[in-house]
Amino acid sequence: MTFSIDQFRLDGKVAIVTGAGGRGNSIGRAYAVGLAAAGAAVVVADINEEGAKAVADEIVASGGKAIGVRVDITDPASAAAMVDAAKTSFGGLDILVNNAALMAELGYQNIVDVPLESWNRTLNVNLTGALICAQAAVPAMRERGGGRIVNQTSGGAFPATGVYGIGKLALVGLTTTLAKTLGKENITANAIAPGNVKSDAGKQLVPDDSPFLQFLNMTVASRAQGEPDELVGALLLLCSDAGAWISGQTLHVDGGWVLRP
Ligand SMILES: NC(=O)c1ccc[n+]([C@@H]2O[C@H](COP(=O)([O-])OP(=O)(O)OC[C@H]3O[C@@H](n4cnc5c(N)ncnc54)[C@H](O)[C@@H]3O)[C@@H](O)[C@H]2O)c1
């Protein structure tokens, strides 16, 4: 088969992006807009229903296909309803992007005395939520003869830092397990590990004057911070025919920060 640039197109595909309707400038929003620009019909899903519908409206206004739905990814019935919305509105499901997570709101979690309630809540959303959405999505992907799962991990998992990093590292384990389990069914599973991204949540976590940003600047191979839109190319590769043979991988999109000493 000769390579064609059209292999990056997603016309006729249906995608769900979780966590795509939250704060104004979010990674999930960039993912949803990017998938729609590549031709996919997108279910913009978030616990913030108003935000999800606003992003879907934005996509439709620019000529794309999208709906906005409320989902709580920790609730299997809610995840099933999200997949049903994809089937009812667009006829099926091909792509699941597990992007929703708790991050900026977590604050510093000292592992020695982190309350178990905080540990459980973090892992329930950031790890179990991705499993619940995959369990809801895979039967619909099987009906289409294949699919793509992309889990949003983090540079904070390499090495794991805090409960957040532990959950994001475990998400890599979920990714490789899904890849091995589903590969023969033409379903790939991969992860994206962003460095520090200047989403609204990322800026809250790492303000311009933070000592951590100075540390990033000193240790990163190229550029310390990226924009949400700079992750979209990696997502399109992993969701399109261009990336059909890639599975079980974690793609670091971080200016080379993972190479730090
Ligand atoms: N911004 C960064 O620097 C950075 C770096 C590495 C990884 N990430 C990851 O990228 C993803 C998006 O980050 P962001 O910066 O856009 O943050 P964000 O806070 O804007 O996005 C997270 C979204 O998840 C939603 N959400 C939370 N709990 C939910 C639930 N139970 N059900 C459904 N939705 C829920 C929130 O409403 C929010 O819209 C997250 O997985 C985050 O961990 C971000």
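Hi everyone, let me start with a single residue, N186. With 14 other C-beta atoms within 10 Å, N186 counts as partly exposed, because buried would take 20 or more and exposed 12 or fewer. You will find N186 in the loop between α5 and β6 (187-194). Its backbone stands out too: N186 has a positive phi of about 65° although it is not a glycine. For background, most residues other than glycine have a negative phi. Before I go on, please keep in mind that this is a predicted model.

While we are on backbone details, here are some others. F158 and P159 are joined by a cis peptide bond, with omega about -5°. P159 belongs to the loop between β5 (147-152) and α5 (162-182). As a general point, most peptide bonds are trans.

Now to helix α3. It covers residues 76-90, 15 residues in total, and its first and last C-alpha atoms are 21 Å apart, close to the 21 Å expected at 1.5 Å a residue. Which residues of α3 are buried? They are A79, M82, V83, A86 and F90. Looking down the axis of α3, these buried residues fall within an arc of 90°, so they line one face of the helix. The general rule helps here: an α-helix has 3.6 residues a turn, so residues three or four places apart point the same way. On the other side of α3, A77 and T88 are exposed. And what covers the buried residues? The cover includes β1 (14-18), β2 (41-46), β3 (65-70) and α4 (116-143). Just after α3 comes G91, with a positive phi of about 90°.

Helix α1 gives another picture. α1 is mostly covered, with 10 of its 11 residues buried. Among them are I27, R29, Y31, A32 and L35. Take A32: leaving aside neighbours within four places in sequence, A32 is in contact with V17, A20, V42, V44, V55, I59 and A66. After α1 comes G39, whose phi is positive, near 115°.

In the loop between α1 and β2 sits A38. Is A38 buried or exposed? A38 is buried, as 20 other C-beta atoms lie within 10 Å. Beyond four places in sequence, A38 is in contact with F8, R9, L10 and L236. By contrast, A38 and D57 are 19 residues apart in sequence, and their C-alpha atoms are 17 Å apart in space.

L236 takes us to helix α8, residues 232-239, where the buried residues are V232, L235, L236, L238 and C239. Seen down the axis of α8, the buried residues fall within an arc of 165°, so they line one face of this helix. The elements covering them include β1, α1, β4 (95-98), β5, β6 and β9 (250-253).

Strand β6 is home to I192. I192 counts as buried, with 25 C-beta neighbours inside 10 Å. Not counting residues up to four places away in sequence, I192 touches V150, Q152, T153, L231, A234, L235, L251 and V253. A224, on the other hand, is 32 residues from I192 in sequence and 17 Å away in space, C-alpha to C-alpha.

Let me move to strand β1 and T18, which has its place there. T18 counts as buried, with 27 C-beta neighbours inside 10 Å. T18 and V44 are 26 residues apart along the chain, yet their C-alpha atoms are separated by 6.6 Å. Beyond four places in sequence, the residues that T18 touches include A45, V71, N98, A100 and C133.

Stepping back to the nonpolar core: the largest one has 76 residues, and those with the most contacts inside it are I16, V17, A32, L35, V42, V44 and A137. Which element gives the most to this core? That is α4, with 11 residues.

Last, the ligand. How many residues surround the ligand? There are 32, and the closest are G19, G22, A101, S199 and G202. The elements giving two or more residues to this shell are α1 (27-37), α4, β7 (196-197) and α6 (200-205). By type, the shell divides into 13 nonpolar, 16 polar and 3 charged residues.

So if you open the model, try starting from A32: it is buried in α1, and it is one of the residues with the most contacts inside the largest nonpolar core. Thanks for listening!

Technical notes: Residues are numbered from 1 along each chain as its sequence is written. This is a predicted model: local features need pLDDT of at least 70, side-chain atom pairs count only at pLDDT 80 or more; totals for chains, interfaces and linings use all residues. Helices (H or I, at least four residues) and strands (E, at least two) are DSSP runs, numbered from the N terminus. The expected span of a helix is 1.5 Å times one less than its number of residues. The arc is that of the directions from the helix axis to the C-beta atoms. Two residues are in contact if their C-beta atoms, placed from the backbone, lie within 7 Å. A residue is near a molecule or strand if its C-beta atom, placed from the backbone, lies within 6 Å of it. Ala, Val, Leu, Ile, Met, Phe, Trp, Tyr, Cys and Pro count as nonpolar, Asp, Glu, Lys and Arg as charged, and the others, Gly among them, as polar. A nonpolar core is a set of buried Ala, Val, Leu, Ile, Met, Phe, Trp, Tyr and Cys residues joined through C-beta atoms within 7 Å.
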